[in-house]
Amino acid sequence: MAISMKILHRKPKPALNLARTVSFPYVVFMIVAFLFFGGLLLIYYIQSQHAVIAAEQQHLVQEAAGKVSAFIRGKVDLLSMTTQMDDLLRLPYHKRRQVLESLLGMEPSFRQIIISNSREQIAAYASRLSTQASTHFIEELDLNTVINNTKTGDWISHVYIDQVTSEPLVILAVPVRNIFRDYTGFLAAELNLKFMWDIVDRLIVGTKGKTYVVNSKGNLIAFGDTARVLRVENVANLKPVMNFVNSKTIAEHSSDVEFYKGIMGDIVVGTYSPLLKPNWALVVEAPWNEAYREVIGIILLSIMLFLVFSLLAGVLGTYIARRLAAPLVRLTKSAALIASGSAGERVQETGPMEVAGLAAAFNSMMYQLRQSYHNLKEQLAETMKNREALAESEERLRSIIDNASEIIYTLSSEGVLTFVSPTWTRLLGHQLSEVEGRHFSYFVHPEDIPACESFMKKVLQAGTSQQGTDYRVRHMDGTWRWHSSIGSLLAESKSGSYSFIGLAQDITWKKQAEDEKAKLEEQLHQAQKMESIGRLAGGVAHDFNNMLSVILGYAELIKLDNPSDDLLTAKIIEIEKAAGHARDITRQLLAFSRKQIISPVSLNINDLIMENHKMLARLIGEDIELRFCPAEYIWNVRLDPSQLNQVIYNLAVNARDAMPSGGKLTIETANSTIDDTYSREHLGFMPGNYVLLTISDNGIGMDRETQSHLFEPFFTTKETGKGTGLGLATVYGIIKQNGGFINVYSEPGKGTVFHIYFIRDTEGSETVTKAPENPMPSGGETLMLVEDDEMMRSMTALSLERIGYKVLLPETPMEALSICEKGNTPFVLLITDVIMPGMNGIELRDRIIEMRPGVKVLFMSGYTANTIVHHGVLQKDVHFIQKPFNLSELARKVREAIEY
């Protein structure tokens, strides 16, 4: 017991006291040094990480703002490309409307499109909305404001909410210029910003980050919580939004990254980037703990390392102080020098073996740390570079896919759509979520599914790229669009299976062009057919009219020779009726083919209709009411009166046949001026002043199919034997021969209206007057008759002799010239056929007048072949009688020619 007490009261050994004396300040020094240098490194690391986070945040917001700006810019560019069509405002109305409807089909984000001229007149309008949908677009569209803004460039309106469809909208407008770059109007579209929401929703900001778009007043335009957007929530109290709203000018770059309470109420790190046009801003927010997750981890790790290091320093310091107090001081000093920044100095490897070994190990460790740090820094730089290159490559690929004009899609081996590019939505309207996962046959026309299946099977079996087939795809609006695809085999690296990848191009325009080409070829074929009928009509008319002239002439001579034989006269009258009917058909053929000879005069349509009013009333019957509504003042027109009568009679007969149970036939006249706009919208019309003749009935009307064949020769809806099918063809030929236009409006059960436009006569002042009923003129002069047809020559000679004339009858033009050369047989009038073998009537006239200057000339023909006419109009100072003719017409024409 005494021994134990002695041991307990023993004084400490000097070495232990020295260890305690040395270890405490050493341990304190190590802890302070670690805190100081570790703190500096931690502060530097936090600042560098903040800079990296800020740079990433600014890069992200600028990239996101670029996508939103590209969305708006793309729609404006689409409108601008449309306005580059040559003379868009000069296109016909239905063509302009087709352009606008094509834009709606091409761009699903457009709800309504309008085009206006510079005079605040709407030139065309197209909408994908129903009649009950909102008309806010028209209310928002102040034409004067848009015109003033688009004269200098593009214009974008403020954002407004459609109260009917609850959709955020904005109006885009671009100027329309002509080929001289003069401002002529604007093209405006109502853009649905819900399509921009998809772009904003796809922007990824960590796991809980938020992205939204605000306008210059701080109102939400696009955000994941659509209810807040639709109630136009103002978030101007948020820091980045406040900075944007209070900014004097639109900045070119994003703002600084700031800490604040975000849109969802939690602490975030956020910044904004303005859009240069329109004046909006895109804000990106990330939770601060998520953005600084790595920094927080480093701080916690540093604290843990500090505690561990402090514990180890205390234990190690005590141990070393007990054993190697002096050498450790030197080592500590050397380490302090290195810690102070003397990175190039080595610790002196002196002292006991353990201390020297520790110094060597310390030096080696520092070298390895420096080398590892250097290598790690290079690897980190290379990794960042590769990551940026990969992100850039992925973004480029996505941009190509998103902005490609063709649809990129993939199919499983069963034909299920596994991926479609956003172009599908732009071209066909369906959202991608509605397409992916469905079998392709859901969208393809049933008739084209077998061809598509065969093409897919061919690609999967061949294993190489194959040229595809044309097929129809259903648009969201129910219409069908033509597509053409090329396809190839796609290997799935994960599953090892194969699928189909295709590239589809919209070729609807090509198909429409082919259809239009076919229509034009059909119209050309029809025009060639009409021309052939015209040439046939002219060829037949010459010989047929000669025969009709002989029949009618001899019939009239027989009546004159047997005035008291009633039975014979009745038979002759029937012959004349039949020949007269044949003559009318021949004249209708010539009128249709525009080879009828006309003698136009300046006349008043009202006067001519009044002269024929009673005859028209008898023609249509008592059960049809005839109403004539003439304009109080009407311009004169230059027409052949017989042609105008033919037009009115033919249309009146057609109207009568369309009202078998009676009805009302109305004839109206008016002055009409056609301007450039109307002529552009109505094919075949020319600007100018016209007299409008309108003939309408309330009969059975016509369908569109009947109207499409209305003016074709021999086309008739009447029973066999009740119509020749030449009536309306004749009307059409007469109107076109005189440079006019005709329009027809008809619906089954609602009657028919014909609008006929005749050119106003501004030159002549003479008006047609009805010739008095004079007795048949006669004479005793000597005439020369030259006609190559023997029967026609004999009949005409007998007719002339019957009314008192003496007739020279050479059989050929050469014989007629021979008689003139002898000079011993005077005659006052040469009557000659126009078309004769060897020498025509014009050549014969010219040669005879050289020998007999005072001789008058009367031409006769059933078909002149443009010899004495110009575009069907008789040349001035030319006397002409149309075959077939009767004795009274011949006597009158001969007398007029002699006395002229």
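These exercises with worked solutions walk through a predicted model of a protein chain.

Residues are numbered from 1 along each chain as its sequence is written. Because the model is predicted, local features need pLDDT of at least 70 and side-chain atom pairs count only at pLDDT 80 or more, while totals for chains, interfaces and linings use all residues, and side-chain values use heavy atoms, with hydrogens and water left out.

**Exercise 1. The whole chain**

Task: Find how many helices and strands the protein chain has, and what share of its residues is buried.

Solution:
- Step 1. Helices (H or I, at least four residues) and strands (E, at least two) are DSSP runs, numbered from the N terminus. The chain holds 26 helices and 30 strands.
- Step 2. Buried means under 20% relative accessible area, exposed over 50%, and partly exposed in between (1.4 Å probe, protein chains only). Of the 900 residues in the chain, 42% are buried.
- Step 3. Contact means heavy atoms within 4.5 Å. Among contacts with a separation of 6 or more, 64% come from residues 24 or more positions apart.

**Exercise 2. A parallel sheet**

Task: Work out the strand order of the open sheet that contains β24, and say which strands stand at its edges.

Solution:
- Step 1. Two strands pair if DSSP finds at least two bridges between them. In general, strands of a sheet pair through backbone hydrogen bonds, either parallel or antiparallel.
- Step 2. Here five strands follow the order β25-β24-β26-β27-β30, with parallel pairing.
- Step 3. β25 (806-808) and β30 (880-882) are the edges; each has a single partner strand, so one side of each is left without a neighbour in the sheet.
- Step 4. Axes are lines fitted to C-alpha atoms, for helices over the stretch in contact, and angles run from 0 to 180 degrees between N-to-C directions. On average, neighbouring strands of this sheet are turned by 25 degrees against each other, direction ignored.
- Step 5. Look inside the sheet: β24 (residues 782-786) and β26 (residues 829-833) run parallel and are joined by four bridges. L783 stands opposite L829 in β26.

**Exercise 3. Helices across that sheet, and one leucine**

Task: Find which strands helices α23 and α26 lie across, then decide whether L800 is buried or exposed.

Solution:
- Step 1. Helix α23 (residues 790-802) lies across β24, β25 and β26, at about 165 degrees to β24.
- Step 2. Helix α26 (residues 887-899) lies across β24, β26, β27 (856-861) and β30, at about 150 degrees to β27.
- Step 3. L800 belongs to helix α23. Its relative accessibility is 0%, so L800 counts as buried.
- Step 4. Apart from neighbours within four places in sequence, L800 is in contact with L783, Y805, V807, I831, L890 and V894. L800 and L890 are 90 residues apart along the chain, yet their C-alpha atoms are separated by 8.1 Å.

**Exercise 4. An antiparallel sheet**

Task: Give the order of the open sheet that contains β7, and name its edge strands.

Solution:
- Step 1. The order of the five strands is β8-β7-β11-β10-β9, and the pairing is antiparallel.
- Step 2. The edge strands, β8 (220-222) and β9 (258-261), each pair on one side only.
- Step 3. Neighbouring strands of this sheet are turned by 45 degrees against each other on average, direction ignored.
- Step 4. Four bridges link β9 with β10 (residues 267-275), and E258 stands opposite G270 in β10.
- Step 5. Helix α8 (residues 239-246) lies across β7 (210-215), β9, β10 and β11 (280-287), running at about 110 degrees to β9.

**Exercise 5. Strand β6 and its partners**

Task: Explain why β6 is described as largely enclosed, and find what A189 stands opposite.

Solution:
- Step 1. Nine of the ten residues of β6 (residues 183-192) are buried, so this strand is largely enclosed by the rest of the structure.
- Step 2. β1 (residues 110-117) pairs with β6 in the antiparallel sense over seven bridges; I113 stands opposite A189.
- Step 3. β5 (residues 168-177) also pairs with β6 in the antiparallel sense, over nine bridges; L172 stands opposite A189.
- Step 4. The hairpin of β5 and β6 has five residues between the strands, and there R181 takes a positive phi near 65 degrees.
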